[in-house]
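Here is a short walk through one model, taken a region at a time. Keep the structure open beside you as you read.

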Amino acid sequence: MINDDGREKWMSMALDLAIRGRGMVEPNPMVGAVLVKDNVVVGVGWHQKFGGLHAEAEALNQAGENARGCTLFVSLEPCSHHGKTPPCADALVKSGISKVVVAMRDPNPLVAGKGINYLKDHGVEVVLGVGKEKAEIINAPFIKYYLHSKPFVIAKWAMSLDGKIATKTGESKWISNERCREKVHQLRGLVDAVLVGIGTIQNDDPMLNARPEGPRKQIRVVIDPNARISLSSRIIQSAKEFPTIIAVKQHVSQHIKVALRYSGCELLELSSCSRVDIVNEVLDFLGKKSVQNLLVEGGGITLGSFFDASQVDEIAVYIAPVIIGGTDAISPVGGGGALDIAGSQRLGSFTNEMIGDNILLSGRLKHYHS
């Protein structure tokens, strides 16, 4: 018999296993599973890569005949449909397990309660909601994608103690230390796409790829409504090597569009005029391309547009022990902003980490799209 305390313990293990799949399983969710009999673990598994075995199948394979009569703790509702692998709910029923403890329902319409109902209809007891809050945090991008058809947005910037991302002359290399920059490259390697505005391209001429490469090959996105990007910029010159999307307004010259496409870029021809509408149009476009994680790296105008659109879900802010000063020095978040403090956007949760002499402040916004 497993009491409530035991449920939390085993589900916590399943959730910790799930996180191991980050960057490898997308666009699938991260899932972990633990099989327990008489308070002893007889099998564990996690979804390790897209197209590979699901967590439940891994745990069943490890347990073998010991699965009969077990309780399964799984971080997400087992699937009940044929995809790249057979349905897990059916495999669980055939294994003879007696109970399944599920952290959260799967928002994917192909599942969405069907897996739970299948288990119940075949005599398996189901307990739902143990570890739900942590499960939703882990799979926040997956949830937002299926509920809103938009990617989960992480806003990242590096700034001085006085809240500047560059001097008044535009110089920004380097505010953060080398270890922080390495951490940013690791983050790039885990997301589906990285986005900046045209100002960042003109000022910094970045590549926007992960170095060294991570588990995922990112799409690079530039919001450039008036097509001001230079064909000699590094991002254009490397567009045939790295997937690159340039968002331009429909009215820009056909000559520029042809040149960008010839260079290897995919174009998103914007129909919107306001910065907020452009943000939503870009996110809708990326959602249709199955992008679940988007890292927005700036600059201030672009970050401000995402905040004004209430589409920032998480922040990663690197704070360096320097004072830049200057009324005209550049701040990280531009745009319209809040009219009063009550209307400002707040973090619902956050963590901080010392990285050498820098601080990384990470957190989720309160308006998180669940």
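## A strand pair to begin with

Let's start small: Leu35 has Leu72, in β3, as its bridge partner. Bear in mind throughout that this is a predicted model. That bridge sits in a region where β1, residues 32-37, runs alongside β3, residues 71-74. The two strands pair in the antiparallel sense, over four bridges.

## The five-stranded sheet

Zoom out, and β1 and β3 turn out to be part of an open sheet of five strands. Reading across, the order is β2-β1-β3-β4-β5, and the pairing is mixed. The edges belong to β2 (40-46) and β5 (125-128); each has a single partner strand, so one side of each is left without a neighbour in the sheet. On average, and ignoring direction, neighbouring strands here are turned by 15° against each other.

There is a helix to look at here too. Helix α2, residues 55-63, lies across β1, β2 and β3. Relative to β2, α2 runs at about 140°.

## Val191 in its loop

Next stop, Val191, which you'll find in the loop between α7 (178-188) and β7 (193-197). Is Val191 buried or exposed? Its relative accessibility is 1%, so Val191 counts as buried, the cut-off for that being under 20%.

Who keeps Val191 company? Setting aside neighbours within four places in sequence, Val191 is in contact with Ile154, Arg216, Gln218, Asn293 and Leu295. For a sense of distance, take Gly304, which is 113 residues away from Val191 along the chain. The C-alpha atoms of that pair are separated by 21 Å.

## The largest pocket

Now for the open spaces. The largest pocket holds about 1200 Å³ of space. Its lining is made up of 48 residues, and those that lie nearest the centre are Thr200, Asp204, Glu297, Gly298 and Gly299. Two or more lining residues come from each of β6 (152-159), α7, β7, α8 (198-204), α11 (275-288) and α12 (300-308).

Which element gives the largest share of this lining? That would be α8, with six residues. Sorted by class, the lining of the largest pocket has 20 nonpolar residues, 16 polar ones and twelve charged ones.

## The second largest pocket

The second largest pocket comes in at about 930 Å³. It is lined by 37 residues, with Arg22, Ile137, Glu314, Ser362 and Arg364 closest to its centre. The elements giving two or more residues to this lining are α5 (132-138), α6 (140-148), β6, α7, β12 (314-319), β13 (347-355) and β14 (358-365).

Here β13 supplies the largest share, five residues. The lining of the second largest pocket splits into 18 nonpolar, eleven polar and eight charged residues.

## A closed cavity

How many cavities of 30 Å³ or more does a search of the whole structure find? Just one turns up, and its volume is about 70 Å³.

Around this cavity sit Leu208, Asn209, Ala210, Glu213, Gly214, Arg216, Lys217, Gln218, Arg220 and Phe242. By class, three of the lining residues are nonpolar, three polar and four charged. Two names may ring a bell: Arg216 and Gln218 line the cavity, and Arg216 and Gln218 are also among the contacts of Val191.

Note on methods
Residues are numbered from 1 along each chain as its sequence is written. This is a predicted model: local features need pLDDT of at least 70, side-chain atom pairs count only at pLDDT 80 or more; totals for chains, interfaces and linings use all residues. Side-chain values use heavy atoms; hydrogens and water are left out. Two strands pair if DSSP finds at least two bridges between them. Axes are lines fitted to C-alpha atoms, for helices over the stretch in contact, and angles run from 0 to 180 degrees between N-to-C directions. Contact means heavy atoms within 4.5 Å. Buried means under 20% relative accessible area, exposed over 50%, partly exposed in between (1.4 Å probe, protein chains only). On a 1 Å grid over the protein atoms alone, a cavity is a set of points where a 1.4 Å probe fits but cannot get out, and a pocket is an open set with protein on both sides within 12 Å along at least five of seven lines; lining residues have an atom within 4 Å of a point. Grid points are joined across faces, edges and corners, and a volume is the space filled by probe spheres set on the points. Ala, Val, Leu, Ile, Met, Phe, Trp, Tyr, Cys and Pro count as nonpolar, Asp, Glu, Lys and Arg as charged, and the others, Gly among them, as polar.
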